[in-house]
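Please have a look at the structure shown here. Let's walk through it together, one part at a time.

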Amino acid sequence: MKIYYIEEDILKYLLSYVETYCKTEIEAISLNNCKTDEIENSEKNLILISSTSLYDMNRTHEVLKKIKIQFPETKIRIILGGSMHYILNNEDFLNHYTQASHICVGKGEEFLRTLIDKKVPKGVHFAEDFGNIKPYRINKKYRIEKEVKITFNDNRCDWQKCLFCHHQTRHVCPINTAEKIAEDVEYYIKECNYKHFYFYDNNMNPHVLNKFLKILLEKGLNKYSPTFYLFGLRVDSQFEVLTEILEQWKPSPIVGGSWGLEFYDQEILDLYNKNTKLKQIDNALAFFHKYGIANDAYLLLGLPGVNNKHIEHFKEFIDHKSYLVRDYRVSFFLLNPFIRMYEDKEKFKMHEKNYLTLQDFFLDKINAPKIRTIFKNFDSWDEDLGRYVDRGETLRKYFPILKHKKMKFHPNMFLLDDHSCNLLTSLRLLGEKSEEKS
Ligand code: SF4
């Protein structure tokens, strides 16, 4: 079986998995080295395409268009995956791209193994229906371009009660011990020459992390200067248990971490059931900063119920504590039917409108089809103005903090009217200029 794939790290992980566990013989062919006219249009073969961001959608669109022209009668099975498929209406997607055969939502390892060895009907499939992923390592022949992704525990956090949270996953990877991950890291460092690792746990247990770092230090792996980035941290975790190892291992092998702060106001954190305290935010940022670890802070703006007083409070934090933060990763709240607060639309005073499409995300700047997303446009009650406002008007309330030069906007920020986007861009430029002067 020939499997054609686009050079994406995520697909190299999947190929390593199926090469380890599939019975069928596979020949993996990179589409970067192969002209598409060399593709064998046979139903035995596969094309893998992954879209993990809005920008990837542009490429996916172009590849699918090209294949349709080349093979008007598409026999080869075209498999799509990647996190974009969490937020798209996948039935719309398949109706539009009739040449695509399967979509996998979630982790694709076991789905792809089943598809290769057995048969899976065309359509949309959820990875969780295909069983647990077995342990594996990336095949040495595939060179990973970014950091190697590792995890102790791939589940979302233990809390799972924030009203705006749309993370629905459960464990599909085995929970790994500190010893097992230390072994993997040793292999990647010594056998493959990788040095940079990315923990994608959303449930990082500082005690396990501490044990893991101690094992690496005992094995003498510090001489290779490996680096670790920690994704998705909660500020109420007990990171102080790392004090001893961080005092011993300098500079810190943990180079950065991303914290889900959301908003700096206790009333808002409580309203949305975040279950964290402002003091915990202060302590977490100060602790990492002390050891030279970069703090990236995830913010969620545009939540209904936020008034000017809350924003003013948040601005004080931005003005006085930004020296502790490397980047703010800013998202703008979007309504979707899978979050807890959707049931409480009345309480949060939201008037939902139409579904937003892929084209809305690009503001017509590319030729994106009108595939619906899971997100709905809405108006919400503005306490300060005493009326319902749209998302563009809500965004403008945040301008006092958005001009800070450390703000990095998620593409969903641009899912607004053109006028707001232009204002946002001008404000950023203004913010950068004033920072340069000072
Ligand atoms: S802490 Fe993060 S992952 Fe956990 S429920 Fe809240 S938003 Fe979701």
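We start with the domains, then turn to the ligand and to two helices.

A word on the model before we begin: it is predicted, local features need pLDDT of at least 70, side-chain atom pairs count only at pLDDT 80 or more, and totals for chains, interfaces and linings use all residues. Residues are numbered from 1 along each chain as its sequence is written.

The domain assignment splits the chain into domain 1 (2–130) and domain 2 (148–437); such bounds come from an automatic or database domain assignment. Between the C-alpha centres of domain 1 and domain 2 there are 29 Å. Their contact takes 14 residues from domain 1 and 14 residues from domain 2, where two residues are in contact if their C-beta atoms, placed from the backbone, lie within 7 Å. On the domain 1 side, helix H2 (54–70) and helix H4 (90–96) are the elements that give two or more residues, and H2 has the largest share with four residues. Helices (H or I, at least four residues) and strands (E, at least two) are DSSP runs, numbered from the N terminus.

Now to the ligand. Around it sit Arg156, Cys157, Trp159, Gln160, Lys161, Cys162, Cys165, His167, Asn202, Arg234 and Gly260; a residue is near a molecule if its C-beta atom, placed from the backbone, lies within 6 Å of it. This shell divides into four nonpolar, four polar and three charged residues. Here Ala, Val, Leu, Ile, Met, Phe, Trp, Tyr, Cys and Pro count as nonpolar, Asp, Glu, Lys and Arg as charged, and the others, Gly among them, as polar.

Next comes helix H6. Which residues of H6 are buried? They are Ile181, Ala182, Val185, Tyr188 and Ile189, with buried meaning 20 or more other C-beta atoms within 10 Å of the residue's own, exposed 12 or fewer, and partly exposed in between, all C-beta atoms being placed from the backbone. Seen down the axis of H6, these buried residues fall within an arc of 125 degrees, so they line one face of the helix; the arc is that of the directions from the helix axis to the C-beta atoms. They pack against strand E7 (148–150), strand E8 (196–199) and helix H7 (206–218). The face turned away carries the exposed Glu179, Lys190 and Glu191.

Helix H10 (residues 278–290) closes the tour. In H10, the buried residues are Ile281, Ala284, Leu285 and Phe288. Their arc around the axis is only 90 degrees, which puts them on the same side of H10. Exposed on the other side are Lys279, Ala286 and Lys290.
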